[in-house]
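I opened the model to look up a few things about its fold and one of its loops. My entries follow.

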Amino acid sequence: MIVIFSGGSGMASVAEALKLQCTDVSYILPVTDDGGSSAEITKVLGGPSIGDIRNRLLRLVDPRHTSLQTLLRHRLPSSTSEAAEEEWLSLLSGQHPLWAGIPAPCRTVVQRFLTEFNVAVAGPVPTPLVGPHPDSGEGGQAEKFCFVNGSVGNFFLTGARLYFNSLQAAIFMFAQLTAVPPDTKVIPVCCDQTRDSSTYITIGVQLANGDQIVGQNCISHPTVAHMSTSEHKLAPQPQLPAPIDQLFYVRRKRSDISLQSCCTSKQKDFTKMQPDPNPEVIQLLKTDSIGCIVFGVGSLYTSLIASLVVKGVGEAIATSPCTTKVLMLPGWTDRETNSMAACDIVEAVVRALNRYGELENNVGAYITHVVYPDGVGKQFEVQTLPPSLTVCPVGSHSGATERVSYDETDVVAHLLRLKAGAKAGV
């Protein structure tokens with residue numbers, strides 16, 4: 001088995017390549033994505049956020065289910081709310097062309113959960129797509145749900161979560177319908193058990209200068225009002241005023257979510273908290289069938305460390321029977337890793353797993369191997385890494401943006417060699 005920590009889109013292409021070679025893989029992801037469609041759902045219905053989970057599940061869909069994959073990957077128009085609502089009603093009614101090619105039993109199930117979602121945010125069809133909804137309070141009028149650029153996959157997962165009152169059950173239903181291999185798991189790192197739907201959990205960071213920023217999107221990709229979610233993730237981002245020192249979890253009011261502006265470093269309207277870990281994650285890390293644990297590529301703090309600081313995760317990894325623990329360095333620096341060398345990234349991961357002083361494990365308890373895309377070794381000063389670590393370049397390719405990315409085929413081959421070596425005791 002391979003266990004991979006990483007959210008976001010950083011590991012997406014690797015996950016697609018890996019599923020063709022190995023299905024015994026467990027992906028552990030954060031539930032703190034608060035950008036785009038995820039933010040709108042959280043604002044109206046509360047958490048947990050499921051954007052990263054939906055993204056990973058879509059990459060694992062069986063190739064025979066491309067019609068369903070296309071539907072669940074679809075986003076509503078980003079032009080106007082009227083256009084988005086019109087297409088949403090077309091989907092709910094079953095008249096939309098995207099339903100073509102989806103078998104009737106599967107179609108019935110998907111429509112059922114999309115309807116469940118619609119009832120939660122707008123009321124039964126064909127009532128207008130505007131409040132009140134169940135969380136509006138006595139005599140209250142809820143803010144109108146905005147369907148603009150909405151993700152159908154997010155709507156489906158949320159509808160299933162509400163129906164089953166369980167995010168894990170919603171993930172299971174998604175995986176069953178799309179024929180994700182039964183030994184491939186997508187597991188949220190924590191489960192927000194609160195029934196207070198007026199709040200949600202997210203992450204914040206403290207900078208080296210003492211400032212704090214709250215919200216995953218605000219930390220990694222501050223929203224630009226005129227850009228779509230995909231556009232602003234590719235756009236150049238302003239540097240942080242100081243390096244990130246540590247990451248923490250907070251509980252905030254749903255009403256604090258805003259797509260138009262980010263939380264400033266001076267705002268203190270939040271309560272720090274430590275979410276309970278998902279018991280499935282801790283139990284998984286104790287099994288002796290793990291060939292390697294991988295800290296995947298992606299945004300260092302918001303995609304990776306958001307899972308590592310959860311209580312119990314550091315202890316479980318340090319004491320895991322698995323002896324091969326691989327850190328994947330990024331191919332370029334971003335807002336979260338600006339000017340960081342390889343040794344700084346290793347230190348950031350170890351400090352997070354130690355929960356910033358609660359534990360005192362050394363590097364070797366968490367990381368044994370470091371891989372990086374060929375061509376960035378000098379940039380990240382990999383020669384400064386501790387000699388106790390096995391450091392290895394893997395294949396890479398450069399795109400039009402001059403960013404160096406991993407060659408996913410070579411990454412998969414390398415991980416499978418490490419897994420085989422661990423199994424053979426090499």
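I began with contacts, meaning heavy atoms within 4.5 Å. Among those with a separation of 6 or more, 72% join residues 24 or more positions apart. The model is predicted: local features need pLDDT of at least 70, side-chain atom pairs need 80 or more, and totals for chains, interfaces and linings use all residues. Numbering runs from 1 along each chain as its sequence is written, and side-chain values use heavy atoms, without hydrogens and water.

I then checked burial (under 20% relative accessible area, 1.4 Å probe, protein chains only). Of the 426 residues in the chain, 54% are buried.

Next I listed the elements, taken as DSSP runs numbered from the N terminus (helices H or I, at least four residues; strands E, at least two). I found 15 helices and 13 strands.

I picked one open sheet. Its four strands run in the order β5-β4-β6-β7, paired antiparallel (pairing takes at least two DSSP bridges). β5 (212–214) and β7 are the edge strands with a single partner each, so one side of each has no neighbour in the sheet. The twist from one strand to the next averages 40°. Three bridges link β6 (residues 244–253) with β7. Across that pair, Val250 faces Lys272 of β7.

Last, I followed the chain past β7 (271–273) into the loop before α11 (279–285), where Asn278 sits. Is Asn278 buried or exposed? Asn278 counts as buried because its relative accessibility is 2%. Its side chain reaches the backbone oxygen of Pro188 at 2.9 Å. Beyond neighbours within four places in sequence, Asn278 touches residues including Gln168, Ile187 and Cys191.

How values were computed. Buried < 20%, exposed > 50% of the residue type's maximum accessible area, 1.4 Å probe, protein only. Polar contact = N/O pair within 3.5 Å; in protein donor to acceptor, adjacent residues only side chain to side chain. Axes fitted to C-alpha atoms, helices over the stretch in contact; angles between N-to-C directions.
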